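Here are my notes on the model, chain by chain. Please keep the structure open while reading.

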Amino acid sequence: MDDRRILLVDDEEDIRDILGIVLTDIGYEVLTAEDGEQALQLFREFTPPIVLTDIKMPGMDGIDLLRTLKSEAPDTEVIMITGHGDLDLAIKSLKYEATDFVTKPINDDILEIALQRAEERITMKQQLRMYTENLERLVEEKTRRLVEAERMAAVGQTAAGLAHAIKNISGGLAGGMFVLDKGIELDDDAYVQKGWKMVKGNVNKINNVALELLNFAKETSPNYRHCDPNGPAREIYDLMLPQAQEYGVRFVLDLDKDLPHVWLDPESIHRALLNLVTNALYACTDIRCTHKKTEIALVTRRPEGWAVEYQVRDTGCGMDEETRQKVFRNFFTTKGYDGTGLGLMVTKKIIDAHSGVIEVESEKGKGTAFYIRIPQRNGIQ
Amino acid sequence: MGKQKVLIVDDELDMRIFISTVFETSGYEVLSARDGKEGMRKAQETGPDLIILDLMMPGEGGVQMYRQLKGEEDLKAIPIIMLSGVGKKTFYHYLKMMNIKPDEAIPEPEAYIEKPPQAEDLLKVAGSVMGKNTEEEE
């Protein structure tokens with residue numbers, strides 16, 4: 001090893017002299033101290049890897065010094081010098097993790113063996129640290145590869161789901177074209193209108209799939225801004241109100257006007273809320289639950305411990321337990337032909353990126369409520 | 001003889017419009033329904049010559065309506081073309097598994113077409129199952 005410094009502590013000057021010569025002879029650079037206090041001072045200044053100390057000293061004794069050194073620098077190797085009758089002290093010192101002890105009068109060979117052990121331990125510790133660091137690096141690398149593999153698996157799943165969605169849409173386009181063709185062929189305006197509407201609807205769908213897929217593929221690190229959390233909610237309300245009215249669904253905006261500004265990515269939150277409100281509207285206009293008055297509520301609140309909570313509640317058809325468990329999965333959809341199965345997954349991804357939570361409560365026939373909670377954060381991220 | 005009546009039962013609007021157009025423009029009279037319940041009602045009211053039934057509908061789905069149709073004396077002779085997104089093999093396997101319990105057994109439909117259906121396929125299969133049915137009646 002490279003660091004050949006040793007701190008020698010003994011209250012007897014003779015012993016310091018003799019041992020100093022012996023240690024220098026072996027090849028050490030020797031620092032000496034006559035008591036515990038001085039030893040500590042020197043140690044803190046020079047941090048030698050090995051300390052050789054007498055166990056019985058006035059003031060701070062060897063055991064106290066040992067404990068202090070071990071608590072300040074646990075890697076330090078401390079060898080104790082003990083008198084003949086100090087066996088209990090010697091054992092006590094081992095308990096406090098002394099490397100070894102040598103008894104007075106000191107036999108040079110025994111001292112050298114003790115020193116060798118100390119050095120071996122230092123080398124071993126260094127190697128161990130190196131191995132550990134290597135191991136950590138290795139684990140890190142493997143983990144990264146595993147995550148990569150998982151991402152690839154998700155991509156495979158995504159591709160399969162995508163193929164299904166595209167097949168549906170191309171079927172819709174082909175159907176639309178057929179109806180349009182018939183309209184032109186028979187000079188029937190009703191068919192032309194219907195066919196053209198189908199084509200437009202399906203082009204719209206494929207656009208949505210592409211957009212949602214892009215959002216999904218993007219590594220979403222939110223673009224945080226310090227802003228009014230009611231902003232995205234108001235935008236969604238204005239955007240979706242005409243559609244809700246068209247479908248005969250009541251749409252209520254209930255904002256907590258006193259919400260302070262918070263750090264969030266307003267565009268992502270806009271998208272997340274849009275997905276939820278679109279779903280709510282779909283649930284309210286589902287043919288299986290047209291029998292009752294439907295309402296959607298978009299609410300902002302500030303629950304204890306969170307920066308903001310968004311609620312999107314509807315009195316639409318609700319979900320059964322099985323459906324509720326699957327809503328955040330890739331390509332899961334209850335909308336059949338209309339859904340891509342990406343909306344809620346993207347929504348969850350956005351909320352996850354904000355370190356927030358998204359929860360759903362739903363009862364079949366009663367309605368559904370989604371809760372998004374965004375945590376407090378400060379600007380420096 | 002008047003126009004032959006085709007009842008289309010599918011929850012997807014696009015699919016109803018498309019199949020309706022296919023049959024309307026080929027000289028059939030078309031009725032459509034959005035789910036099994038409405039489908040059953042229309043079948044009972046009008047007694048169609050052919051039913052095109054989507055298997056995968058929300059709610060009870062097409063299988064329930066299919067069972068009901070095959071269970072009613074007046075309706076069980078109406079030929080049915082099953083329609084769904086699953087492959088033909090998967091569908092028949094599914095049917096076989098369902099039919100393991102004899103008391104719940106359901107007969108195979110007259111025809112099965114995988115979604116999305118082609119216009120020519122629909123017409124060809126429709127013509128053949130209705131033809132067969134007429135022969136049997138005679």
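1. Chain B has five helices and five strands. Along the sequence they follow the pattern β-α-β-α-β-α-β-α-β-α. Of its 138 residues, 38% count as buried. Contacts reach far along the chain: among those with a separation of 6 or more, 69% are between residues 24 or more positions apart.

2. This is a predicted model, so confidence comes next. The mean pLDDT of chain B is 84, and 87% of its residues reach 70 or more. Residues 134-138 of chain B are the stretch to set aside: pLDDT stays under 50 there, and the model has zero contacts for them beyond four places in sequence. Where pLDDT is low, the predicted coordinates should not be read in detail. For the model as a whole, ipTM is 0.78 and pTM is 0.50.

3. Helix 2 of chain B spans residues 36-46. Which of its residues are buried? They include Gly36(B), Gly39(B) and Ala43(B). Seen down the helix axis, the buried residues of helix 2 fall within an arc of 55 degrees, so they line one face. An α-helix has 3.6 residues a turn, so residues three or four places apart point the same way. On the other side of helix 2, Arg41(B) and Glu45(B) are exposed.

4. What covers the buried residues of helix 2 of chain B? The cover includes strand 1 (5-9), strand 2 (29-33) and strand 3 (50-54) of chain B, along with helix 3 (61-71) of that chain. After helix 2 comes Gly47(B), with a positive phi near 55 degrees.

5. Chain A has ten helices and twelve strands. It has 381 residues, of which 33% count as buried. Of the contacts in chain A between residues at least 6 apart in sequence, 63% join residues at least 24 apart.

6. Look at helix 7 (residues 230-246) and helix 8 of chain A. Their axes come within 9 Å and cross at roughly 30 degrees. The crossing is right-handed. Helix 7 contributes Gly231(A), Pro232(A), Ala233(A), Glu235(A), Ile236(A), Met240(A), Gln243(A) and Ala244(A). From helix 8 come Pro266(A), Ile269(A), His270(A), Leu273(A), Leu274(A), Val277(A) and Leu281(A). By class, the residues of this contact are eleven nonpolar, three polar and one charged.

7. Helix 8 (residues 266-285) of chain A also meets helix 10 (residues 343-353) of chain A. These axes come within 9 Å and cross at roughly 145 degrees. Here the crossing is left-handed. Helix 8 residues in the contact include Ser268(A), Arg271(A), Ala272(A) and Asn275(A). Among their counterparts in helix 10 are Gly343(A), Leu344(A), Val346(A) and Ile350(A). The contact of helix 8 with helix 10 has six nonpolar, six polar and one charged residues.

8. One residue for a closer look is Ile113(A), in helix 5 (residues 108-186) of chain A. Is Ile113(A) buried, exposed or partly exposed? Ile113(A) has 13 other C-beta atoms within 10 Å, so it is partly exposed; a residue counts as exposed at 12 or fewer and as buried at 20 or more. Val102(A) lies eleven residues from Ile113(A) in sequence, and their C-alpha atoms are 9.7 Å apart.

Definitions and conventions
Residues numbered from 1 in each chain as written. Chains lettered and ligands numbered in written order. Predicted model: local features only at pLDDT ≥ 70, side-chain atom pairs only at ≥ 80, totals over all residues. Helix = DSSP H or I, 4+ residues; strand = E, 2+ residues; numbered from the N terminus. Contact = placed C-beta atoms within 7 Å. pLDDT = per-residue confidence, 0-100. Axes fitted to C-alpha atoms, helices over the stretch in contact; angles between N-to-C directions. Left-handed = near helix turned anticlockwise from the far one by under 90°. Nonpolar A, V, L, I, M, F, W, Y, C, P; charged D, E, K, R; others polar. Arc of directions from axis to C-beta.
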